[in-house]
Amino acid sequence: MSKRCPDCHRINEDSRIFCGYCGATLDAELRLIQDLERQKELSKEPENARQRSDVNFYVSRSAPEKKKGSAAPWIILGLLVVVGIAAWFFLKG
């Protein structure tokens, strides 16, 4: 059975400890140890020196960015309006 990376969700060989694609830890116990070490480091820092992104270190991915819409529907709509106006002038006269 192969291991799936919790960060990039790619499949790796059973013998791997770290993901061959993103380098994340594949072993659940090792991930737990890393999380505990991060907690220790956070507890040693002064309260005002902590950054908001360090508070929740279980979230490994940032929020997805919104995709910008395509301009193609607006261009098509504009062309249809121009064709409609041109047809109205030709049929009127």
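The exercises below, each with a worked solution, concern a predicted model of one protein chain.

**Exercise 1. Overall make-up**

Describe the secondary structure of the chain and the burial of its residues.

Solution. Start with the elements: the chain has three helices and two strands. Along the sequence they follow the pattern β-β-α-α-α. Next, take burial: 10% of the 93 residues count as buried. Then take the contacts with a sequence separation of 6 or more: residues 24 or more positions apart account for 8% of these. Finally, the chain exposes about 8,500 Å², and carbon and sulfur atoms supply 60% of that area.

**Exercise 2. Salt bridges**

Find the salt bridges and state where the partners of each lie.

Solution. The cut-off needed here is a side-chain nitrogen of Lys or Arg within 4 Å of a carboxyl oxygen of Asp or Glu. Side chains of opposite charge can pair when their charged atoms come close. Applied to the chain, the rule gives two salt bridges.

Step 1. Asp7 and Arg31 form one of them, at 3.5 Å from N to O. This pair joins distant parts of the chain, with the two positions 24 residues apart: Asp7 sits in the loop between strand S1 (3-4) and strand S2 (11-12), and Arg31 in helix H1 (residues 28-44). Asp7 has a relative accessible area of 22% and is partly exposed. Arg31, at 25%, is also classed as partly exposed.

Step 2. Asp35 and Arg38 form a salt bridge at 3.0 Å, N to O. Both belong to helix H1, and because they are three residues apart they are separated by about one helical turn. Asp35 is buried at 14% relative accessible area, whereas Arg38 is partly exposed at 36%.

**Exercise 3. The surroundings of Thr25**

Is Thr25 buried or exposed, and what does Thr25 touch?

Solution. Locate the residue: Thr25 is in the loop between S2 and H1. Its relative accessibility is 3%; buried means under 20%, so Thr25 counts as buried. Leaving out residues up to four places away in sequence, Thr25 touches Pro6, Ile17, Phe18, Leu30, Arg31 and Gln34. With Gln34 there is a polar contact between the two side chains, at 3.0 Å. Arg31, another residue that Thr25 touches, is the salt-bridge partner of Asp7.

**Exercise 4. Ile17 within its loop**

Which residues does Ile17 contact beyond its neighbours within four places in sequence?

Solution. Ile17 lies in the loop between S2 and H1. Its contacts beyond those neighbours are Ala24, Thr25, Leu26, Asp27 and Leu30. For Asp27 a distance can be added: Ile17 and Asp27 are ten residues apart in sequence, with 6.0 Å between their C-alpha atoms. Despite these contacts, Ile17 is partly exposed, at 43% relative accessibility.

**Exercise 5. Helix H3**

Check the span of helix H3 (residues 72-92) against expectation, then determine how many of its residues are buried.

Solution. Step 1. H3 has 21 residues, and at 1.5 Å a residue it should span 30 Å. The multiplier is one less than the number of residues. The end C-alpha atoms of H3 are 30 Å apart, in agreement with the expected span.

Step 2. The number of buried residues among the 21 of H3 is zero, so the helix lies largely in the open.

Step 3. Turn to the surface: Trp74, Leu77, Val81, Ile85, Trp88 and Phe89 make a nonpolar patch of about 720 Å². One of these residues, Trp88, is placed in helix H3.

Terms used: Residues numbered from 1 in each chain as written. Predicted model: local features only at pLDDT ≥ 70, side-chain atom pairs only at ≥ 80, totals over all residues. Heavy atoms only, no water. Helix = DSSP H or I, 4+ residues; strand = E, 2+ residues; numbered from the N terminus. Buried < 20%, exposed > 50% of the residue type's maximum accessible area, 1.4 Å probe, protein only. Polar contact = N/O pair within 3.5 Å; in protein donor to acceptor, adjacent residues only side chain to side chain. Contact = heavy atoms within 4.5 Å. Areas by Shrake-Rupley, 256 points an atom, 1.4 Å probe, with all protein chains shown as cover. Patch = residues over 30% accessible without salt bridge, like charges linked within 9 Å, V, L, I, M, F, W, Y side chains within 5 Å.
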